[in-house]
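Take a look at the structure below. Let us walk through some of its contacts, and then through one of its sheets.

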Amino acid sequence: MKPYASLYKRTPSSQKAHLLLLERWNVPWPLLYASSGAENNGKPNVAVNHVRGSNKVTIKALMVKQLRMLGREHTENAYQHPALPETYLLVPQSQDDERHELIKAHQTRSGPWIAKPTSGAHGDGIRVFACASEAAAYVDASAAPNDQPAAKEDGAKTKRRPIRPKPRPMWLVQRYVEEPLLYRGNRKFDVRALVCVRHDGKAFWYTDWVARVCGSAFDMAKLDDRYAHITNHCVQVQGEAYGEHEEGNEVFREDVRVYLEESRGRSAGSELFRRIEQGMHEAARDLVAALRENADFSADAPCASFQLLGLDLIATTDGRVLLLEANGSPAVAERMIPEAAEAVVNLALEPLRRDILGLGDGASKEHAKQNSQSNPHFMEL
C-alpha cells in the first residue's frame, strides 16, 4: 500500500477519525447514525468497514431466509434457492420449526445430511449424518438444560433465572453434497472467495481465490471422518495429514484450473472451470442482492460503509456451484493478504476519501481515481 501509506494514520480513541476499522459485533451504529453530516456539507463525515444490515447475510440462518425470499420466483419449493443446498432450519427441542419438512424430504429422497450451528465458527459442531432423523436428534441434543434455581448452601446466592431467556440458537440441516468436485488425491475442497461491497452499493469479485482442501480422501462410507468431509482450516489443522499434500491445505485459482485441465483434458477441463467460475459469480450476485435489500447505500446516509465479505462455495463434479455461507470478517490465505489489502484500499477506501470525505489534494485525488477505476484485481459483479 505504498501509494497511500502516508495518507492514513492511527489516532487515539478520543480523537475524531474519518475511517473506523471495527470488529463487526462492536460497531456503534446508533452513535454513527446520530451524525448529521453537517460538518461536511451534508455528506457522511465518517466511514466504517462494515455495512449496516450485513448480518442478514453473514448469519447463516438469516442468509437462508433472505435468499429464500428473493428466490421464490425461481423455485416451487419454499425451502429452496438455486444458489443453496437443500436447507431446513431447526431449533433444538422445538416442534415449531422445519423438522417435519426435513423428515418428509428424506423420505422422498434418502441420503446424508449435514448439520451446522447457525452462529458457529471454526467448524465447531458440524457433523454429517446418514439420515435426517439422526441430524435432527443431534440438533436436539445440543440444547443446554434450562437453568433451575439453585439451593442456597453456605450462604451462596440463589441462581436467578432470566426473565427473558435467550432463544435457542437455530441450526441448518442441509442435504450433503455427495458428489463434490475433488482435487488431487480424491480430496474434497471448498472455495473461499472475496467480494468487496463499496459505499455506493456496487459489488466487486476478487479475481483470485483459495481452495481449502481436506487432508484425507473423500469417502462416503466414512461420514464421521471430519478430515475427509469438513474443509474448515481449524478442523484440518488438527489432522495428521495437515500440510502433507500442500502448504496449509490450500491451493489457489490457477492450481485448480491446471488440475482440471490435466485430469479431464484441456478442452473439457477449461470448460468445466469456466462454468464453475460463472456459477460462483452468480451465487455472489444473489448474495449481494440480498444484502442490498437490507442495507442503506443512499447518498444521504449519515455514515459511509464498505465491507469485504468472504464467500464459502462448493462445486459438484458436473460444475454446479452452491453457496455455503458468507463471512463478515473473513480470514484469507496469508499469501493473498498484501495484494488483496492494497486492492481493497484502491477500490473502496480511495473513492470514499476522494468523493465522500473530500480529503486529499487534486493530484492525489486524480491518482486515486485512476487506480480505483482500473483495479486489475477486482471484477464488478
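Start with Arg257 and Glu254, whose side chains meet in a salt bridge. The distance from N to O is 2.3 Å. Keep in mind that this is a predicted model. Both residues sit in helix H8, which covers residues 253-264. They are three residues apart there, so about one helical turn separates them. How open is this pair? Arg257 has a relative accessible area of 23%, so Arg257 counts as partly exposed. Glu254 is partly exposed too, at 39% relative accessibility. Buried would mean under 20%.

The helix pair is one case on a longer list. By the rule used here, the count comes to 17 salt bridges.

Now turn to Asp190 and Arg212. Their side chains also form a salt bridge, at 2.8 Å from N to O. This pair links distant parts of the chain. Asp190 belongs to strand S8, residues 187-197. Arg212 belongs to strand S10, residues 210-213. The two are 22 residues apart. Are they buried or exposed? Asp190 has a relative accessible area of 4%, so Asp190 is buried. Arg212 is buried as well, with 11%.

Strand S8 has another residue to follow. Arg192 lies in this strand, and Asp312 lies in strand S13, residues 307-315. Their side chains meet in a salt bridge of 2.5 Å, N to O. The partners are 120 residues apart in sequence, so the bridge ties together parts that far along the chain from each other. Both Asp312 and Arg192 are buried.

Put these two pairs side by side. Asp190, Arg192, Arg212 and Asp312 are linked in a network of salt bridges.

Next comes a sheet. It is open and has three strands, in the order S1-S2-S12. The pairing is parallel. Which strands stand at the edges? They are S1, residues 19-20, and S12, residues 304-305. Each has a single partner strand, so one side of each is left without a neighbour in the sheet.

Look at strand S2, residues 47-48. S2 pairs with S12 in the parallel sense, over two bridges. Find Ala47 in the view: across from it, in S12, stands Ala304.

To retrace the route, begin at the partly exposed Arg257 in its helix. Move on to the network that includes Asp190 and Asp312. Finish at the sheet with the order S1-S2-S12.

Conventions
Residues numbered from 1 in each chain as written. Predicted model: local features only at pLDDT ≥ 70, side-chain atom pairs only at ≥ 80, totals over all residues. Heavy atoms only, no water. Pairing = 2+ DSSP bridges. Helix = DSSP H or I, 4+ residues; strand = E, 2+ residues; numbered from the N terminus. Salt bridge = Lys/Arg side-chain N within 4 Å of Asp/Glu carboxyl O. Buried < 20%, exposed > 50% of the residue type's maximum accessible area, 1.4 Å probe, protein only.
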